[in-house]
Amino acid sequence: MLSSAWLLVVALLSSSCCVAAPGPKPASAGQSITLQRRAPSARSVEDWAAWAQNEREFLTNRYGGTLKKRSEGSNLLTNQNADSSFYGSLAIGTPPVSFDVILDTGSADLWVADTSCTIGCSRIAVFDATSSSTFKNLSQPFDITYGSGQAVGSLGEDVVQMAGFSVPNQAFAVVDEVSSGLLTSPVSGLLGLGWQTISASGYPPFWQTLVSSGAWTDPLMSFQLTRFINGTNVQANEPGGTFTMGFVNSSLYTGSIDYQSLVTTPSFWLLSLTSMTVQGTSITLPTGSSAYAAIDTGTTLIGGPSSAIQNIYAQIPGSQPGTGSWTGYYSYPCTTEVNVAISFGGPSWSVSPADFQLTQISSTQCIGAFFDLSTGGSAPTWVVGDTFLKNVYSVFRYNPPAVGFAELSETALAMNGVNGDPPSATIGSVAATATAGGSSGSSNSANRQSVGAGAIIAALASVVGGVLL
């Protein structure tokens, strides 16, 4: 029986070849016959794409080749403590055990609390290495410092599964000491979604192993985050949106995705913050490397250089610098609706006034979500967290390296503030597997200010509930 692909090829050839048009009477030997070309039928781009895929698969199979399976997966998120953090779930070990982990594009390590953890690990699920038949102790120390705390332990290797993908030899940290307040139940750890170059352990991140091996249909991952900061009757854990690997969910955005290339060799997901308006007025911003901004799902707010933060609040009548625990922050009249728009070289993206208003500290005064950030070393000047990312559909592309933003769809916007049961950590079937490479040979662990996991708001962590990385 002819394959469907071969039948399609035959059909295509028959629609475009030359055919003899019958004459009024039979042609005899030596006579010429007039040929007419039949006009090809119009085909859509989708038709051509389907034909091209079938043609490739047919010829690959016919001549003994193999096709690498690609796939895509989704992970439903939980919004914790009214937008303080967003977490998803993964599974570790054999048999697999599920854990809730914060998804953080600003760091590159996976770690979970283990059974020996006695500090900062109460009321959370912990990893038991002795219960996994595939766990391998790498006998290497692990130490990572965030702006809101520290995690210390050792490195191991095991099967890690998430959203239908599996890495059988993923390096990760089992930690036995976590700073108080860094984890809030039911979260057991953190999954770094930054590049290997900023990995504290030096090992390839889970996502990078998958995408570099060709396991994903498209070389990208994306986020849609919900908003509950201005909700009513908000519970500690609410539906948080969607994280995808290998594809973008077209039902969650509208229009096109505007991609901006990373400004440096991949490390953090760095873009240049090129312009900003506050209350309709364009403000002066630093340029060059001082405009570099880490796009960071693991950070709650937006931190920037002192001069720019001053310029932002200068456009808001009645604003003033905070004091005490609020040093570095600004207060402003709660009755003022603040409109901010940010551009990274493409369109301007608006930040909702609800997201700008972090919290109310008196009967009339509120705290703004933009704060004064002082970074050191090679860390970026700006850290753009969920205050902004809740307002866009965000895409993190591996190749060519870029971050893209699109306008949220009505479907996505309708999820904001809608109370419901958060998704539970589950273990699904595996659709694609990739094997991790070894360590890069260098560790970035010493007092690491992993901006994507924070490096910024320790002061706020003691004031506002939740994990603020």
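**Figure 1. Salt bridge between Asp83 and Lys390 in the predicted model.** In this predicted model, Asp83 and Lys390 form a salt bridge whose closest N and O atoms lie 2.7 Å apart. The contact links distant parts of the chain, the two residues being 307 residues apart. Asp83 belongs to the loop between β3 (73-80) and β4 (85-92), whereas Lys390 belongs to the loop between α6 (386-389) and β27 (393-397). Asp83 and Lys390 are each buried.

**Figure 2. Salt bridge between Asp355 and Arg227.** The side chains of Asp355 and Arg227 form a salt bridge with an N to O distance of 2.9 Å. Because Asp355 lies in helix α5 (residues 353-356) and Arg227 in the loop between β11 (220-225) and β12 (237-245), the pair ties together parts that are 128 residues apart in sequence. The relative accessible area of Asp355 is 1%, so this residue is buried. Arg227 has a relative accessibility of 12% and therefore also counts as buried, the cut-off being under 20%.

**Figure 3. Salt bridge between Asp355 and Lys390, and the resulting network.** Asp355 also meets Lys390 in a salt bridge, at 2.8 Å from N to O. With Asp355 in helix α5 and Lys390 in the loop between α6 and β27, the pair therefore ties together parts that are 35 residues apart in sequence. Both residues of this pair, Asp355 and Lys390, are buried. Through shared partners, salt bridges join Asp83, Arg227, Asp355 and Lys390 into one network. The count of salt bridges in the model comes to three. Side chains of opposite charge can pair when their charged atoms come close.

**Figure 4. Open four-stranded sheet with antiparallel pairing.** Four strands make up an open sheet in the order β19-β20-β24-β23, and their pairing is antiparallel. Strands β19 (320-321) and β23 (357-360) form the edges, each pairing on one side only. Strands of a sheet pair through backbone hydrogen bonds, either parallel or antiparallel.

**Figure 5. Pairing of edge strand β23 with β24.** Strand β23, an edge strand of the open sheet, is joined to strand β24 (residues 365-368) by three bridges. The two strands run antiparallel. Within this pairing, Thr359 stands opposite Ile367 of β24.

Methods: Residues numbered from 1 in each chain as written. Predicted model: local features only at pLDDT ≥ 70, side-chain atom pairs only at ≥ 80, totals over all residues. Heavy atoms only, no water. Salt bridge = Lys/Arg side-chain N within 4 Å of Asp/Glu carboxyl O. Buried < 20%, exposed > 50% of the residue type's maximum accessible area, 1.4 Å probe, protein only. Pairing = 2+ DSSP bridges.
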